[in-house]
Amino acid sequence: MAVSEDTLKQWEETLSKASFFGGANPSSLDNENFKALNGTQPCSSLQNVWGWFLFVSFFTEDIRSAWPAAAAEEVKGDAEEDEFDAMFGETEEDAEAKASAKEKTEKAKEKAKEKVVIEKSIVLLEVKPWEAGQDLDSLAKKIFTIEQDGLTWKEQYKLEPIGYGIFKLVVGMVIEDLKVSVDDLNEKICEDYKDEVQSVDILSFN
């Protein structure tokens, strides 16, 4: 199934507000949309969709198929309320209770706006070794042992050919922007594993 340009623009808008289509975590909706692309990588000008695609492509089909359904919001339509009122009528007490509930809801919304929003980003790093034949699977496991507040590694990784028999390691993570400096993290990987790592570069930052 081909995905239209208009649909991709809608996806870009959705993913500008959340890491995945279902919110903070991947869901079956992400799997469905990934399948709809049929392996076609979105244009990098759609930065959010492009970064999402690269990240989701890390996971095998079996893992993606196991993602749960996106959490649905419970919405009560005006038509349903009107039907209820028509059947049972609305007393003065009902009206007052409804007004009170509405007021509390508005206050709750205002309080929610005052809460600090934690900005998160999905980052893909490419780690280049010194020479062919290095054990990149072992290197990936070492990198995943790096712990920091606000850093969550995605333990799926890829090995991609560079040339002359050399492969690079591509790893992904989710970070809290105010807590984690990607530049500092890159330097730490290079320093801690300098015998195995030639360089670390940002592949995508979404």
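Which strands does helix H8 lie across? In this predicted model, H8 lies across S1, S2, S3 and S4, and its direction makes about 155° with that of S4. The tour below starts from the sheet and returns to this helix.

**Stop 1: the sheet**

Select strands S1 (120-129) and S4 (197-205) together with S2 (151-163) and S3 (166-176). These strands form an open sheet of 4 strands in the order S2-S3-S1-S4, with antiparallel pairing. The edges are taken by S2 and S4; each has a single partner strand, so one side of each lacks a neighbour in the sheet. On average, neighbouring strands are turned by 25° against each other, direction ignored.

Next, restrict the view to S2 and S3. The two strands run antiparallel and are joined by 10 bridges. To see one such pairing, select Lys158 together with Val170, its bridge partner in S3.

Now add helix H7 (136-143). H7 packs on the sheet and touches S1, S2, S3 and S4, while its direction makes about 20° with that of S3.

**Stop 2: the two sides of helix H8**

Select H8 (182-192) and colour its residues by accessibility. Val182, Leu185, Asn186 and Ile189 are buried in this helix. These four residues lie on the same side of H8 because they cover an arc of only 100° around the axis. In general, residues three or four places apart in an α-helix point the same way, because there are 3.6 residues a turn.

What do the buried residues of H8 pack against? Their partners are S1, H7, S2, S3 and S4. Rotate the view to the face of H8 turned away from the buried side, where the exposed residues Asp183, Glu187 and Glu191 are found.

Remain on H8 and select Lys188 and Asp192. A salt bridge joins the two, with the closest N and O atoms 2.9 Å apart. Both belong to H8 and are 4 residues apart, which means that about one helical turn separates them. Lys188 counts as partly exposed at 37% relative accessibility, and Asp192 is also partly exposed, with a relative accessible area of 40%.

**Stop 3: other salt bridges**

How many salt bridges does a search of the whole structure find? The search finds 7. Side chains of opposite charge can pair when their charged atoms come close.

Select Lys179 and Asp149, which form a salt bridge with the closest N and O atoms 3.2 Å apart. This pair links distant parts of the chain, 30 residues apart: Lys179 is in the loop between S3 and H8, and Asp149 is in the loop between H7 and S2. Lys179 counts as partly exposed at 42% relative accessibility, whereas Asp149 counts as exposed at 54%. Add Glu176 to the selection to display a network of salt bridges that links Asp149, Glu176 and Lys179.

Then move to Lys17 and Glu13, whose side chains meet in a salt bridge at 3.2 Å, N to O. Lys17 is exposed, with a relative accessible area of 68%; Glu13, at 45%, counts as partly exposed.

**Stop 4: the nonpolar cores**

Select Leu8, Trp11, Leu37, Val49 and Trp52. Of the 24 residues in the largest nonpolar core, these touch the most other members. Two or more residues of this core come from each of helix H1 (5-15), helix H2 (28-37), helix H3 (47-56), S1 and S3. The largest share, 7 residues, comes from H3.

Centre the view on Trp11 and display its surroundings. Leaving aside neighbours within four places in sequence, Trp11 is in contact with Val3, Phe21, Asn33, Leu37, Val49 and Trp52. A second, separate core has 22 residues, including Val171, Val182, Ile189 and Val200. Among these, Val182 and Ile189 are buried residues of H8, seen at Stop 2.

**Stop 5: Ser204**

Finish at Ser204, found in strand S4. Is this residue buried or exposed? Ser204 is buried, with a relative accessible area of 4%. Not counting residues up to four places away in sequence, Ser204 touches Trp50, Gly51, Leu54, Ile122, Val123 and Leu124. Select these six residues with Ser204 to view the contacts together.

Note on methods
Residues are numbered from 1 along each chain as its sequence is written. This is a predicted model: local features need pLDDT of at least 70, side-chain atom pairs count only at pLDDT 80 or more; totals for chains, interfaces and linings use all residues. Side-chain values use heavy atoms; hydrogens and water are left out. A salt bridge is a side-chain nitrogen of Lys or Arg within 4 Å of a carboxyl oxygen of Asp or Glu. Buried means under 20% relative accessible area, exposed over 50%, partly exposed in between (1.4 Å probe, protein chains only). The arc is that of the directions from the helix axis to the C-beta atoms. Contact means heavy atoms within 4.5 Å. A nonpolar core is a set of buried Ala, Val, Leu, Ile, Met, Phe, Trp, Tyr and Cys residues joined through side-chain atoms within 4.5 Å. Two strands pair if DSSP finds at least two bridges between them. Axes are lines fitted to C-alpha atoms, for helices over the stretch in contact, and angles run from 0 to 180 degrees between N-to-C directions.
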